[in-house]
Amino acid sequence: MPLKKPHNGLQNGDGSHEKDSRHFGNGSQQQNMDLNDHEGEQNLPSVLEVGNDSPVVNGIGSSLANGSLNLHSTVKRKIDGEKDYVFDKRLRYSVRQNESNCRFRDIVVRKEDGFTHILLSSQTSDNNALTPEIMKEVRRALCNASADDSKLLLLSAVGSVFCSGLDYSYLIGRLSNDRRKESTRIAEAIRDFVKAFIQFKKPIVVAINGPALGLGASILPLCDIVWASEKAWFQTPYATIRLTPAGCSSYTFPQILGVALANEMLFCGRKLTAQEACSRGLVSQVFWPTTFSQEVMLRVKEMASCSAVVLEESKCLMRSFLKSGLEDVNEKECQMLKQLWSSSKGLDSLFSYLQDKIYEV
Amino acid sequence: MPLKKPHNGLQNGDGSHEKDSRHFGNGSQQQNMDLNDHEGEQNLPSVLEVGNDSPVVNGIGSSLANGSLNLHSTVKRKIDGEKDYVFDKRLRYSVRQNESNCRFRDIVVRKEDGFTHILLSSQTSDNNALTPEIMKEVRRALCNASADDSKLLLLSAVGSVFCSGLDYSYLIGRLSNDRRKESTRIAEAIRDFVKAFIQFKKPIVVAINGPALGLGASILPLCDIVWASEKAWFQTPYATIRLTPAGCSSYTFPQILGVALANEMLFCGRKLTAQEACSRGLVSQVFWPTTFSQEVMLRVKEMASCSAVVLEESKCLMRSFLKSGLEDVNEKECQMLKQLWSSSKGLDSLFSYLQDKIYEV
Amino acid sequence: MPLKKPHNGLQNGDGSHEKDSRHFGNGSQQQNMDLNDHEGEQNLPSVLEVGNDSPVVNGIGSSLANGSLNLHSTVKRKIDGEKDYVFDKRLRYSVRQNESNCRFRDIVVRKEDGFTHILLSSQTSDNNALTPEIMKEVRRALCNASADDSKLLLLSAVGSVFCSGLDYSYLIGRLSNDRRKESTRIAEAIRDFVKAFIQFKKPIVVAINGPALGLGASILPLCDIVWASEKAWFQTPYATIRLTPAGCSSYTFPQILGVALANEMLFCGRKLTAQEACSRGLVSQVFWPTTFSQEVMLRVKEMASCSAVVLEESKCLMRSFLKSGLEDVNEKECQMLKQLWSSSKGLDSLFSYLQDKIYEV
């Protein structure tokens with residue numbers, strides 16, 4: 001379920017020409033509080049498209065209001081847009097120069113004081129959609145974080161979308177080429193990606209800045225604390241796009257949301273707002289978009305001041321009795337996806353659905 | 001817990017004399033949307049008793065606004081009421097003539113495009129209360145639906161009550177006659193009825209038009225999607241009527257509602273409104289009574305357009321790890337009921353409670 | 001996490017000098033409904049400190065409005081306050097004289113008609129904090145109640161706080177003396193206390209009059225029905241105070257609240273209001289403080305009119321499949337606490353945290 005309009009972190013600069021300044025009243029304050037610029041990098045551009053459902057570029061790791069973003073005139077904003085683009089290039093550059101970050105292409109990894117911060121920031125897919133390559137990068141980052149001296153992991157995204165799930169254009173492309181080989185390869189990539197979350201021993205905090213779709217929503221119950229911006233929403237329309245559930249959602253969603261709502265999400269593609277997801281237990285707290293990144297950072301830093309042993313042992317107590325069950329579910333789910341993708345019938349059904357969607361656009 | 005005032009589908013025609021037209025503004029539109037009259041049958045009568053707690057005959061399978069129901073004058077409505085009664089007789093007649101439907105007395109089964117629709121419409125009990133015979137009919141219909149080419153099952157009810165649970169007048173009558181034999185027979189009927197839901201492999205959607213009591217509420221978590229009309233409510237006062245839980249509610253209710261609310265329902269007979277049931281996870285969505293049947297049909301038809309394999313395999317993934325546990329719980333619950341009914345003490349307690357209720361009326 | 005300001009039942013008389021009469025309009029009615037004075041004892045004093053967050057002495061077992069509490073003038077109230085103090089002394093005295101109650105120091109146990117009422121009323125700790133000795137008294141009372149003819153157990157508290165969890169000043173004192181011996185002793189006391197709740201066969205109703213912290217909140221899911229006053233709140237900041245979860249909360253909290261909120265409570269010390277706890281399933285219903293004790297008593301008496309066999313067998317059905325799992329979790333949690341307390345690192349971390357708190361005050 002990739003969104004139609006691409007909102008890729010690096011291409012977002014243009015968006016800032018749109019006329020809006022609603023959320024920028026306390027710009028200077030926010031600059032002081034923004035916790036991502038301590039490495040001396042310039043911030044990511046912050047683009048705010050306002051409307052009822054329009055996405056807001058408000059990821060953790062992006063500043064909502066760096067000094068240059070005083071968007072009260074269209075002219076000024078245009079310039080800012082150009083500046084942002086430059087800043088963005090610089091960020092990318094500086095990240096690549098940084099020893100601990102330079103090994104990743106589609107994610108950004110930051111070693112902070114007491115915790116590791118992974119940001120989805122896909123260069124090779126739209127809307128932070130997941131490909132086997134991107135999933136492998138996340139796994140690698142999780143593996144590093146499990147071994148270093150960080151006490152917990154913060155997962156968030158650059159751009160206006162948290163994660164749009166599996167990259168279906170990638171999926172179609174590969175499965176069209178070699179159904180048998182690719183169905184196995186992609187299903188195994190999903191399995192290993194999900195397994196990395198199940199097995200991660202330190203607490204994982206997720207900060208959901210925008211839409212979380214498919215696998216991007218399914219993995220949330222495998223994380224420990226889920227904070228969402230008011231702009232976030234959640235959807236797992238597996239059956240609608242002719243797929244079976246993944247990310248252990250066939251087990252975790254009924255546990256958390258109740259059987260009825262879980263099925264409505266998985267079978268009918270029911271969309272949950274941030275507030276609904278919070279009142280039903282998928283999310284633990286919802287924050288106002290403009291202060292989301294500060295609220296999250298504040299809490300994560302406080303958590304990171306706890307004893308590492310206590311954090312890890314507490315998670316161990318909470319997860320140990322679930323772990324083997326989740327691993328079984330993950331295996332079964334990926335086995336099922338592989339079967340669907342390697343059968344001509346399952347593939348036809350998927351293709352014809354996605355084809356229809358393309359024609360609709 | 002049968003309600004005192006009978007609201008049997010066939011006897012409801014009289015109710016339409018009552019003065020109200022509130023919900024009928026968009027009658028003609030609704031006629032076009034009503035999805036139950038495509039088999040050329042006449043619709044069931046639609047009787048609206050309006051008041052704070054008055055039941056509304058708004059079952060799926062009943063038209064809220066067939067052409068004759070323009071209830072803007074009392075006179076017209078009286079005539080309509082009579083007409084409805086005739087329509088209703090015709091429906092019953094036409095259903096009996098229909099090959100696939102003629103084998104049932106207390107339920108109506110409709111083969112729709114892509115799904116099977118079972119409607120509780122009891123002729124031998126009040127308020128869709130369940131007797132071993134009616135439960136056997138439902139089991140038989142589930143068995144048929146599992147074997148045919150339908151992709152999912154829709155369960156709803158004719159009349160203003162979804163299901164009032166076990167028929168207690170039947171229960172008392174039988175247990176008074178032959179405690180030992182009947183306690184076994186009835187407990188086994190419940191066990192097999194519940195087991196049929198546990199084992200049904202296609203998704204089950206339930207549309208709750210009105211009160212769902214006792215076993216009629218307990219089985220909901222064994223279904224997959226539960227939609228409710230604003231007029232629905234839920235109650236399982238097992239301990240109050242001197243019974244132990246049934247329908248796997250001793251397992252599913254704490255899972256879904258939390259231990260505290262589950263126990264309040266099972267021990268204290270706490271009644272949940274549709275909205276409460278939705279916010280606590282028993283129901284996935286609540287709809288306005290006047291458009292309830294259309295909203296449900298729209299969604300069920302969309303679900304029925306999904307791949308049959310995906311629907312069944314998704315349900316299998318979600319239920320497989322629960323199935324054996326639920327079957328155990330079901331066995332234990334029914335074993336316990338049998339013990340209660342076959343002990344003179346348990347029976348006395350039940351009888352004296354129900355006796356009191358009869359005197360109260 | 002003991003609260004700073006002591007609100008011990010016996011010292012509360014002074015509070016009644018404060019100016020407020022808001023909740024006492026229906027004083028005389030409440031007197032008739034108050035269900036605690038049938039043993040001929042005088043009631044506990046009822047002190048209402050009104051303000052946004054101020055505690056209200058409104059425990060079950062305290063009369064909100066005995067005749068003397070017509071608080072419409074400050075003068076009258078001052079006198080009442082003095083009277084209350086006397087009443088309170090009398091209560092304590094009469095309880096000690098009573099055969100079934102005289103064996104306890106920090107709890108009050110009342111044999112009521114059909115149920116046993118245990119009230120936390122700690123004389124040796126502040127805010128009903130738990131020490132091994134107090135936990136042993138509760139265990140002994142549970143053991144008695146399991147053997148007598150009562151059908152269920154009501155657990156509540158005297159004073160404005162339900163239970164502030166483990167007594168940390170006690171903990172520090174003992175662990176400083178003999179880390180190895182005391183860590184084992186205290187961890188085992190917690191284990192046995194929690195085990196007594198897991199194994200108790202009759203339904204347990206808990207009435208939460210005020211804050212429930214740490215272990216005082218963790219054990220709630222081991223009880224069957226949880227009713228809370230609007231003034232209650234819930235917090236389990238284990239990680240914050242450098243501890244791992246106890247009371248089976250590492251298992252029950254994710255089950256009931258969802259993984260995300262459970263972790264926010266256990267890792268970040270997120271505080272839940274009574275309403276939040278109710279909407280998320282920890283509490284089954286919230287009542288207005290002034291009528292809380294009557295509402296609870298009304299319901300408990302109705303429950304106690306049910307068949308004893310039905311109540312016990314229903315609980316057995318609901319808990320049997322969980323019991324062994326909970327016992328395992330309890331063992332693991334207490335094992336972990338023992339390890340933390342017996343390691344110098346774990347202890348240092350705990351001490352330095354609690355030291356900081358003391359300096360803060």
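How many salt bridges does the rule find across the interface of chain B and chain A? The count is zero. This tour starts at that interface, and the model on display is a predicted one.

**Stop 1: chain B against chain A**

Select chains A and B together. Here 31 residues of chain B are in contact with 29 residues of chain A. The two chains bury about 2,300 Å² between them, and carbon and sulfur atoms account for 67% of that area. Next, highlight B:Val310, B:Leu317 and B:Met318. These residues supply 28% of the area that chain B buries against chain A, more than any other three residues.

**Stop 2: the two H11 helices**

Remain at the interface of chains A and B, and select residues 308-342 in chain A and residues 308-342 in chain B; each stretch is helix H11 of its chain. The helices pack at an angle of about 170°, and their axes lie 11 Å apart. Angles over 145 degrees count as roughly antiparallel, and H11(A) and H11(B) are therefore roughly antiparallel to each other.

Now show the side chains where these helices meet. From H11(A), display A:Lys332, A:Glu333, A:Met336 and A:Leu340; from H11(B), display B:Val309, B:Val310, B:Glu313, B:Leu317 and B:Ser320. Colouring this contact by class gives five nonpolar, one polar and three charged residues. B:Val310 and B:Leu317 in this contact were also highlighted at the previous stop.

**Stop 3: chain A against chain C**

Select chains A and C. Chain A contributes 31 residues to this contact and chain C contributes 29. About 2,300 Å² is buried between them, 67% of it on carbon and sulfur atoms. On chain A, pick out A:Val310, A:Leu317 and A:Met318, which supply 27% of the area that chain A buries against chain C, more than any other three residues. Across this interface the rule again finds zero salt bridges.

**Stop 4: two helices inside chain B**

Finally, hide everything but chain B and select helix H3, residues 132-147, with helix H5, residues 179-199. Their axes come within 9 Å and cross at roughly 25°. Since angles under 35 degrees count as roughly parallel, H3(B) and H5(B) are therefore roughly parallel to each other. The crossing is left-handed.

To view the contact, display B:Pro132, B:Glu133, B:Met135, B:Val138, B:Arg139 and B:Leu142 on H3(B). On H5(B), display B:Arg185, B:Ile186, B:Ala189, B:Ile190, B:Asp192, B:Phe193, B:Ala196 and B:Phe197. The contact residues comprise 10 nonpolar, no polar and four charged.

How values were computed. Residues are numbered from 1 along each chain as its sequence is written. Chains are lettered from A and ligands numbered from 1 in the order in which they are written. This is a predicted model: local features need pLDDT of at least 70, side-chain atom pairs count only at pLDDT 80 or more; totals for chains, interfaces and linings use all residues. Side-chain values use heavy atoms; hydrogens and water are left out. Axes are lines fitted to C-alpha atoms, for helices over the stretch in contact, and angles run from 0 to 180 degrees between N-to-C directions. Helices (H or I, at least four residues) and strands (E, at least two) are DSSP runs, numbered from the N terminus. Angles under 35 degrees count as roughly parallel, over 145 as roughly antiparallel, 65 to 115 as roughly perpendicular and the rest as oblique. A crossing is left-handed if the near helix is turned anticlockwise from the far one by less than a right angle, and right-handed if clockwise. Contact means heavy atoms within 4.5 Å. Ala, Val, Leu, Ile, Met, Phe, Trp, Tyr, Cys and Pro count as nonpolar, Asp, Glu, Lys and Arg as charged, and the others, Gly among them, as polar. Buried area is the accessible area (1.4 Å probe) that two parts lose on being put together, summed over both. A salt bridge is a side-chain nitrogen of Lys or Arg within 4 Å of a carboxyl oxygen of Asp or Glu.
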